[in-house]
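Student: I would like to learn how to read the main features of a protein model, taking the sheet and the helices in turn. Could you go through one with me?

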Amino acid sequence: MSSSSTQTILEHTQIPRHIAVIMDGNGRWAKKRLLPRVMGHKKGLNALENMVKRCAALGVRHLTVFAFSTENWRRPEEEVSFLMGLFLQALQKQVVRLHENNMRLRVIGDRSRFNVEIIRGIDQAEALTANNTGLTLAIAADYGGRWDILQAANKLIAEGAGEITEEGLARHLMLGGAPEPDLFIRTGGETRISNFLLWQLAYTELYFTDTLWPDFDDAAIDMAIASYQTRERRFGRTSEQLPPEQQRGE
């Protein structure tokens, strides 16, 4: 179990152990090309497949992506319907490829609003890949950071916990057991975290780029990681307290 970084100083690694991504810009990518928004989402799925491959090749152990937020239900009904279909298609076709490459899939979020077919697909995909030991891909679907904290607190209350502690709460968060993200990436030019992993991003290095998600290729991934490698991860300490190899200088 990984401890909260507010209590534990995490070991600094050149390659992030865990990358979290808001995949933003699919609709704008399509609009720029006079295409329907749904074509941007299809292209975005290709970009995700490439991101998974690149992260695995670099030695990243966990990749968590924001696929569908609790707020995304407000989008036009036809777009939501298409996204649900695309999600099911990915579960049915892409999970086999993940399994063949020893990767694990997790889906985090509130599943209650998904239809029976999608819930069955999630269960089957997670079961198929549960014992794999390579990269873990976590897909946040119908997920919100505030919801995540509330559901964890409610589980503690149901257990009869005398008090809510960081350790107890972290254990019940949807990413419980995974290290907190080292690097957060948001594409598409927006500079906010939009209710994503609110607890887990407390000490994460943030990286924002104007690149639209479908265009986020290997070079863009490498640029984000290169930015991460220039950061001092102090966790409350001064620069002088860091080991020499972690001091970035001026």
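Tutor: We will go from the sheet to its strands, and then to the helices that accompany them. Please keep in mind that this is a predicted model.

Student: How should I read the sheet, and in what order do its strands lie?

Tutor: The general idea is that strands of a sheet pair through backbone hydrogen bonds, either parallel or antiparallel. In this structure 6 strands make up an open sheet whose order is β3-β4-β2-β1-β5-β6, and the pairing is parallel. The edges are taken by β3 (104-108) and β6 (205-208), each of which has a single partner strand, so one side of each is left without a neighbour in the sheet. From one strand to the next, the twist averages 20°.

Student: How many bridges join β5 to β6, and which residue of β6 stands opposite I185?

Tutor: Strand β5, residues 183-186, is joined to β6 by 4 bridges, and the two run parallel. Opposite I185 you will find Y207 in β6.

Student: Which strands pair with β2, and over how many bridges?

Tutor: Strand β1 (residues 18-22) pairs with β2 in the parallel sense over 5 bridges, and A20 has T64 as its bridge partner in β2. Strand β4 (residues 136-143) is joined to β2 by 7 bridges, again with the strands running parallel, and here the bridge partner of H62 in β4 is T136.

Student: Is β2 largely enclosed or left open by the rest of the structure?

Tutor: Burial is judged residue by residue, with under 20% relative accessible area as the cut-off. Strand β2 covers residues 62-69, and 7 of its 8 residues are buried, so the strand is largely enclosed by the rest of the structure. H62, which belongs to strand β2, has a relative accessible area of 19% and is therefore counted as buried. Leaving aside residues up to four places away in sequence, H62 touches R17, H18, I19, T136, A178 and P179.

Student: What should I look at in helix α2, beginning with its span?

Tutor: Helix α2, residues 37-58, has 22 residues and reaches 31 Å from its first C-alpha to its last, which is close to the 32 Å expected at 1.5 Å a residue. Its buried residues are G40, H41, G44, L45, A47, L48, M51, V52 and C55. Just after the helix, G59 takes a positive phi of about 100°.

Student: How do α2 and α3 pack, and at what angle?

Tutor: Two packed helices are described by the angle between their axes and the distance between the axes. Here α2 and α3 (residues 77-100) pack at an angle of about 25°, with their axes 11 Å apart. An angle under 35 degrees counts as roughly parallel, and α2 and α3 are therefore roughly parallel to each other. The crossing of α2 past α3 is right-handed. To the contact, α2 contributes R37, V38, H41, K42, L45, E49 and V52, while α3 contributes E79, F82, L83, L86, A90, Q94, R97 and L98.

Student: Where does α3 lie with respect to the strands?

Tutor: Helix α3 lies across β2, β3 and β4, and runs at about 155° to β3.

Student: Is Q92 of that helix buried or partly exposed?

Tutor: Q92 is in helix α3 and is partly exposed, its relative accessible area being 49%. Q92 also shows how sequence and space can be read together: Q92 and A125 are 33 residues apart in sequence, and 7.9 Å apart in space from C-alpha to C-alpha.

Notes:
Residues are numbered from 1 along each chain as its sequence is written. This is a predicted model: local features need pLDDT of at least 70, side-chain atom pairs count only at pLDDT 80 or more; totals for chains, interfaces and linings use all residues. Side-chain values use heavy atoms; hydrogens and water are left out. Buried means under 20% relative accessible area, exposed over 50%, partly exposed in between (1.4 Å probe, protein chains only). Two strands pair if DSSP finds at least two bridges between them. The expected span of a helix is 1.5 Å times one less than its number of residues. Axes are lines fitted to C-alpha atoms, for helices over the stretch in contact, and angles run from 0 to 180 degrees between N-to-C directions. Angles under 35 degrees count as roughly parallel, over 145 as roughly antiparallel, 65 to 115 as roughly perpendicular and the rest as oblique. A crossing is left-handed if the near helix is turned anticlockwise from the far one by less than a right angle, and right-handed if clockwise. Contact means heavy atoms within 4.5 Å.
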